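Reader: Please show me how to read this model. I would like each general idea and then the case at hand.

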Amino acid sequence: MENRKKVAFYTLGCKLNFSETSTIARNFNDEGFDRVDFEEIADIYVINTCSVTENADKQFKQVVKKAMKLNDKAFVAAVGCYAQLKPEELAAVDGVDLVLGATEKFKITDYIHDLSKNDMGEVHSCEIAEADFYVGSYSIGDRTRAFLKVQDGCDYKCTYCTIPLARGISRSDALENVLKNAKEISAQNIREIVLTGVNIGDYGKGEFGNKKHEHTFLDLVQALDKVEGIERLRISSIEPNLLKNETIEFVSKSRTFVPHFHIPLQSGSNDILKLMKRRYLREVYIDRVNKIREVMPHACIGVDVIVGFPGETDEHFLETYHFLNDLDISYLHVFTYSERDNTEAADMEGVVPSNVRAKRSKMLRGLSVKKRRAFYESQLGTNRTVLFESENKEGYIHGFTENYVKVKTPWNPELVNTLQEINLTKIDEDGSVRLEFLNKLAEV
């Protein structure tokens, strides 16, 4: 029997990228390749790139270096957002053989012929206007949860963002296809599905390849809630203007959707929100948080925020800081603004010095620690359900409650990928929460 070729994958960036990597990996499997770990020697290394942070650019070069160290004759392919935005730049990186843009990445096996190294990376990258078809994806097999892609692309024109340039227009998967994928996932003993996309609240748009659509995000949520076998559904990140009260109400009474929302804010200053061309003002954000708290007082609410945007004065930043400090939220994801080619913000005046950006970022990260601690403290003494992960970390097993409290307990392999009823007892030194099992059988 001939030796099957080995392929390894490395994913940079978001949950959406993870779901797409898994789909690409299944294509390789269908073509007779065996998937191995990125730490192992492979014939092909596929790197799924990200363009959102400055770091992702540098990380790419490090990952290529790592692949070349493992096997200097291996074929290296770059796909994903950065590959669409800066294909020539990636192709010039030493060791890279193939760069595929937004529409080509799902047909990668068509481009891999003899696996011989190229002197210079070969580029296949479409005009982003051609990225108008939808490829459904989901990730499976590497976690107790799966990421299910329901939407791609974005029609918003935020002045700092390259996503519309990297992923094209907003388009959605057909509802029946999302439900089919969800059933396939639940049939594989996966307990939790996380819905992902670039702008998932925009779900429905582009279902037929145009702007006409039959379904909304609420329709999607209601239909998924009825799928047999799914135990938990989580909404990843949703724009405040697209998170409707009806959806919040539905989640609060839902069988499977968990009380956890991640809602990008980006700035607590209306002046800066306007410069960013966000589609809401801070008042809308307050309304969303208040609505969630009204129907789900125990919900976890995460916030994305950008510091150091052009024109952000000390006053603007303090406005954001106080806004977040006063808001009943649970944690922050803090991004330091970085200039991106071909975005409006890159040419704006009022550039914030990098040392000031770093200082602001540090202040908000400190606030996040405080917020998470306060949220965890508010949950002590309550009964929750935890889904345990598969990793043994220094003798402990970790997991997350439905409202995203991170818990730990002494390692027990029987707990892996199980849902357990627990009581939250105290906060550990590392910030995670200790627990008591309500079902005695689960105790070690």
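Author: Start with strands. Helices (H or I, at least four residues) and strands (E, at least two) are DSSP runs, numbered from the N terminus. Two strands pair if DSSP finds at least two bridges between them. This is a predicted model: local features need pLDDT of at least 70, side-chain atom pairs count only at pLDDT 80 or more, and totals for chains, interfaces and linings use all residues. Residues are numbered from 1 along each chain as its sequence is written, and side-chain values use heavy atoms, with hydrogens and water left out.

Reader: What is the strand order in the open sheet that holds β13?

Author: Strands of a sheet pair through backbone hydrogen bonds, either parallel or antiparallel. Here the order is β12-β13-β14, with parallel pairing. β12 (260–266) and β14 (331–336) are the edge strands, each pairing on one side only. From one strand to the next, the twist averages 20°. β12 and β13 (residues 300–307) are joined by six bridges. One pair to find on screen: H260 has C300 in β13 as its bridge partner.

Reader: Which helix packs on that sheet, touching β12, β13 and β14?

Author: Two terms are needed. Contact means heavy atoms within 4.5 Å. Axes are lines fitted to C-alpha atoms, for helices over the stretch in contact, and angles run from 0 to 180 degrees between N-to-C directions. The helix is α12 (residues 314–326), and its direction makes about 175° with that of β13.

Reader: Now the sheet with β7. Which strands stand at its edges?

Author: This open sheet has three strands, ordered β7-β10-β11, and the pairing is parallel. β7 and β11 (232–235) are at the edges with a single partner strand each, so one side of each has no neighbour in the sheet. The twist averages 25° from strand to strand. Five bridges link β7 to β10 (residues 192–196). Among the partners in β10, R145 has E192 and L148 has L195.

Reader: Is β7 enclosed or open to its surroundings?

Author: Buried means under 20% relative accessible area, exposed over 50%, partly exposed in between (1.4 Å probe, protein chains only). Five of the five residues of β7 (residues 145–149) are buried, so the strand is largely enclosed by the rest of the structure. In a regular strand the side chains alternate between the two faces of the sheet. In β7, R145, F147 and K149 point one way, while A146 and L148 point the other way. Helix α7 (residues 175–186) lies across β7 and β10, at about 165° to β7.

Reader: Which residues have the most contacts inside the largest nonpolar core?

Author: A nonpolar core is a set of buried Ala, Val, Leu, Ile, Met, Phe, Trp, Tyr and Cys residues joined through side-chain atoms within 4.5 Å. The largest has 50 residues, and L148, L195, L220, L224, L324 and L364 have the most contacts inside it. Domain 2 (132–258) and domain 3 (263–374) both contribute residues, so this core lies between them. A second, separate core has 23 residues, including V63, A67, M68 and V99.

Reader: How many Å separate the centres of domain 1 and domain 3?

Author: Domain bounds come from an automatic or database domain assignment. That assignment gives domain 1 the range 6–130 and domain 3 the range 263–374. Their centres, taken over C-alpha atoms, are 33 Å apart. Six residues from domain 1 and five residues from domain 3 make the contact.
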